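Subject: Structure handover and findings

Dear colleague,

Please find the structure below, together with its sequence. My notes on what was found in it follow directly after.

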Amino acid sequence: MRRILRLCLAGAVAASVLTAAPAPVRAAETHDARPAGPAAPADPVDLVDPFIGTANEGNTFPGATVPFGMVQLSPDTGHFAGYNYAHHRIRGFSLIHLSGVGCRIGGDLPVLPTVGDVTRTDYAQYAVPFRHEDERAGPGYYRVVLGNGVRAELTATTRTGVQRYTFPATDQANVLLNAGQALHRTVSSEVEILDDRTVRATITGRGFCEDTEPYTVHTITRFDRPFTAHGTWDGTTVTEGARKGRGGAYLRFDTTRDRTVEATTALSYVDAAGAAGNLRAEGGRSFDAVRAAARRAWADRLQTVRVHGGSTALRRTFYSALYRSFLAPNTGSDADGRYTGWDRRVHRAEGFTYYQNWSLWDTYRTQAQLLALLAPDEARDMAVSVVKVAEESGWLPKWGHATVETNVMTGDPVTPYLTTAFHQGLLKGYEERAYHALRRNADGVPPAGSPALGRNANPDYLTRGFVPYVKGHRLPKPGHSDHAFGASATLEYALSDAMLAQMARALGHHEDAARYAARSRSYRRLFDPSTGFFRARDASGAFTGPADPARSVGFHEGTAWQYQWLVPQDLPGLIELIGGRRAANDRLDAFFAYDRLLRDPERTAREVWVNKPYAFYGAATYNPLNEPDLAAPYTYLSTGQPWKTADVVHAALTLFTAEPDGLTGNDDLGTMSAWHVLSSIGLFPVQPGHPTWGLSTPVFERVDLRLDRRHHPRGGLTITAPGTSRTNRYIQTVTADGVTYDRTYLTTDALRRLGTLHHTVGPRPSAWGTSRQAAPPVLR
């Protein structure tokens with residue numbers, strides 16, 4: 001899937017009403033030369049910059065939302081994902097955005113304030129210029145002064161977006177509601193003016209990376225005062241006074257005296273009654289009251305992690321990443337608990353909140369674990385929601401948007417996602433239900449009538465032990481074929497089998513556990529001794545494609561170089577295939593350009609590792625922009641050289657900065673941001689789907705994690721590393737609650753018993769973590 005605040009003085013148009021704010025500071029280094037000391041920073045909410053990632057295909061959005069909110073009210077400039085920092089015209093402020101995705105989706109009901117006659121209906125034509133100097137954003141709030149003199153401000157609740165427009169003095173102040181245009185392909189739309197304050201709209205769209213099944217959203221917009229005139233449009237025809245239309249509606253206000261217009265738009269994926277119910281439940285408050293509540297929600301969420309030390313720029317990039325980690329999945333159920341399931345029927349969530357939007361190929365590697373640690377209540381409901389998808393539609397999701405499956409990406413990402421939840425204790429009461437769905441997914445293929453693809457290459461995998469690579473293979477359903485990426489699909493299936501084996505064993509399904517554990521070693525069938533790398537096999541079983549691993553075929557968004565480490569269940573077995581620890585370390589050193597990295601980490605990260613967004617193929621080095629390599633730096637924990645993990649991770653962290661282009665590739669619903677957060681605090685899920693946390697050097701002197709006492713009896717964990725810096729980045733010793741700890745990993749059970757994890761650091765590598773017994777375990 002791909003990937004890849006400015007806080008400024010207000011412009012002259014609104015100099016009297018916008019206050020000055022500090023400009024962003026570029027965070028080009030992982031550390032200051034000397035850490036700032038143990039003093040805690042200002043409120044984390046004030047350090048978040050939503051503009052980070054809006055340039056260079058990070059594809060984030062700067063607009064207003066609350067944690068895991070249904071609504072993301074944000075400006076659209078013409079970029080396929082919504083907002084691009086390089087653009088200078090805003091087409092509207094729309095309700096739905098996915099943070100950091102590489103395909104077109106959302107952008108429903110763009111709303112734009114204008115002045116004068118309404119003569120154009122294409123938002124690419126009536127778009128209004130703006131300057132970044134006139135923008136400001138923070139968690140739950142966005143504002144901009146548009147070139148037409150209107151100041152637009154946005155905030156949000158979970159299911160509503162709230163707008164405040166301050167117009168020039170005029171009797172032709174308009175608010176345009178465009179139901180017929182969005183980021184996706186609009187299938188149908190209708191808009192109806194219900195009374196002199198209220199407008200209802202229904203929008204059906206489809207798209208994303210493939211031509212998916214359509215989804216429908218229902219909206220209702222309520223203004224804080226009556227409009228003086230109105231009209232609707234169909235196509236390019238604007239009809240003054242009309243109450244119904246298929247394209248959109250305009251509402252006119254007289255702002256010669258009262259220049260401010262406020263509006264609240266509620267969203268529902270169920271029906272118009274659901275939107276109206278969400279408006280009743282969450283509307284009715286002033287803009288300032290909603291903005292204050294959104295800030296409080298973010299402040300509480302962000303204070304689950306308190307970091308001490310480091311530069312302001314380092315803390316800004318960290319908290320901005322933590323903020324993005326909490327943007328998705330998104331609430332899918334209405335205030336009354338109703339939601340539209342993947343069977344297109346209406347259900348009611350009893351005892352949980354239903355969530356949607358599942359970028360599982362991405363999030364199973366980092367974000368799932370971070371949410372399980374810091375937001376266990378929401379993570380539990382998210383896992384239950386995935387189980388509900390399986391029970392209501394007949395199959396588990398792969399990449400789901402709203403109420404539909406897109407089938408984007410390959411492999412079996414839902415298995416490690418749900419086994420993560422299981423091992424974190426988040427599936428209590430649902431264990432067997434989840435296991436039943438996972439077992440069906442692992443052993444079968446969805447029927448022809450199902451919109452799901454699941455493990456669509458399972459027949460070959462189960463009989464041959466690998467997925468044959470078939471160039472350009474297409475399936476009769478929308479989505480990506482696993483045969484088209486047979487090599488990486490085999491590795492992903494084997495990883496998922498390993499994780500399912502551990503869940504099966506824990507639940508007492510020992511025969512299943514043995515069967516899945518045996519299948520988890522299927523990765524060996526791809527190893528080509530003549531090249532020393534994994535390699536795709538064709539339908540006859542022969543290795544296929546160029547022997548050069550940098551030019552390999554059959555790997556999804558990567559090469560054999562990048563996928564060679566995707567065996568977290570059995571790294572010792574992989575190391576043996578490569579030729580032992582020395583050979584594996586030599587291979588890792590070449591992969592990370594390690595000698596050059598030691599001389600100049602930042603330049604190596606930018607000139608050797610990173611080429612450009614979406615450059616997935618033809619490379620023999622680490623690609624920190626993309627998911628297959630997220631755990632690769634931690635492979636050194638299994639090869640007896642854990643200090644090199646610190647070298648690589650800290651170099652990769654320099655790619656995250658406090659600028660609009662300061663995000664490494666698409667964020668993919670918090671995946672890259674969660675990598676940043678976890679790597680910064682020194683805890684990383686090295687075996688996604690299993691409760692194993694690799695240890696590395698924190699970049700902050702102290703990190704306080706606020707944890708749920710139901711899962712962590714002490715209510716928190718303090719991680720310390722006094723003196724950590726760019727030069728003092730090597731672990732000398734680790735103590736857990738004062739007891740010497742020599743292993744390079746912790747289990748979740750051990751983590752939950754801890755109150756303190758203390759690192760001593762120094763300028764040179766030590767013997768810590770170098771023994772074979774210190775390495776993360778093999779999952780058998």
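Is Tyr355 buried or exposed? The model is a predicted one, and in it Tyr355 has a relative accessible area of 6%; a residue counts as buried under 20%, so Tyr355 is buried. This tyrosine belongs to strand β22, which covers residues 355-356. When neighbours within four places in sequence are set aside, its contacts are Phe68, Pro329, Asn330, Thr331, Gly332, Glu378, Asp381, Met382 and Ser385. Arg525, by contrast, lies 170 residues from Tyr355 in sequence, and the C-alpha atoms of Tyr355 and Arg525 are 38 Å apart in space.

The disulfide

The model contains 1 disulfide. Its partners are Cys103 and Cys209, with 1.4 Å between their sulfur atoms. The link joins distant parts of the chain, the two cysteines being 106 residues apart. Cys103 sits in the loop between β3 (92-94) and β4 (111-115), while Cys209 sits in the loop between β11 (198-206) and β12 (215-223).

Why is the disulfide of Cys103 and Cys209 called right-handed? The torsion about its S-S bond is about 75°, and the disulfide is therefore right-handed. As for accessibility, Cys103 is buried, at a relative accessible area of 10%, whereas Cys209 is partly exposed, at 30%.

The open sheet

Ten strands are arranged in an open sheet, and its pairing is antiparallel. The order of the 10 strands is β2-β5-β6-β7-β8-β17-β12-β11-β10-β15. At the edges are β2 (89-90) and β15 (244-245), each of which pairs on one side only.

Strand β17 (residues 260-268) is mostly covered, with 8 of its 9 residues buried. In the strand order β17 stands between β8 and β12. With strand β8 (residues 160-166) it forms an antiparallel pair over 7 bridges, and here Thr166 is found opposite Thr260 of β17. The pairing of β12 with β17 is likewise antiparallel, over 6 bridges, and Thr219 is found opposite Leu267 of β17.

At the β15 edge, the partner is strand β10 (residues 185-193), which pairs with β15 in the antiparallel sense over 2 bridges. Lys244 in β15 has Glu192 opposite.

The hairpin of β13 and β14

Strands β13 (residues 229-234) and β14 (residues 237-240) run antiparallel and are joined by 4 bridges. Asp234 has Thr237 in β14 as its bridge partner. How many residues lie between the strands in the hairpin of β13 and β14? There are 2 residues between them, and Gly235 adopts a positive phi near 60° in this hairpin.

Helix α17

Which residues of helix α17 (residues 601-609) are buried? They are Glu602, Thr604, Ala605, Val608 and Trp609. An α-helix has 3.6 residues a turn, so residues three or four places apart point the same way. The buried residues of α17 pack against two other helices, α16 (594-599) and α18 (643-653).

Cavities

The largest cavity holds about 220 Å³ of space. Its lining comprises 23 residues, of which Trp565, Pro568, Ala631, Ala632 and Val686 are the closest to its centre. By class, this lining consists of 16 nonpolar, 4 polar and 3 charged residues.

The second largest cavity holds about 120 Å³. Its lining is made up of Ala372, Leu373, Pro376, Gln424, Trp693, Leu707, Asp708, His711, His712, Thr748, Leu751 and Arg752. Helices α6 (367-374) and α20 (748-753) each contribute at least two of these residues, and α20 gives the most, with 3. The classes in this lining are 6 nonpolar, 4 polar and 2 charged.

Kind regards

Note on methods. Residues are numbered from 1 along each chain as its sequence is written. This is a predicted model: local features need pLDDT of at least 70, side-chain atom pairs count only at pLDDT 80 or more; totals for chains, interfaces and linings use all residues. Side-chain values use heavy atoms; hydrogens and water are left out. A disulfide is a pair of cysteine sulfur atoms within 2.5 Å. Buried means under 20% relative accessible area, exposed over 50%, partly exposed in between (1.4 Å probe, protein chains only). Contact means heavy atoms within 4.5 Å. On a 1 Å grid over the protein atoms alone, a cavity is a set of points where a 1.4 Å probe fits but cannot get out, and a pocket is an open set with protein on both sides within 12 Å along at least five of seven lines; lining residues have an atom within 4 Å of a point. Grid points are joined across faces, edges and corners, and a volume is the space filled by probe spheres set on the points. Ala, Val, Leu, Ile, Met, Phe, Trp, Tyr, Cys and Pro count as nonpolar, Asp, Glu, Lys and Arg as charged, and the others, Gly among them, as polar. Two strands pair if DSSP finds at least two bridges between them.
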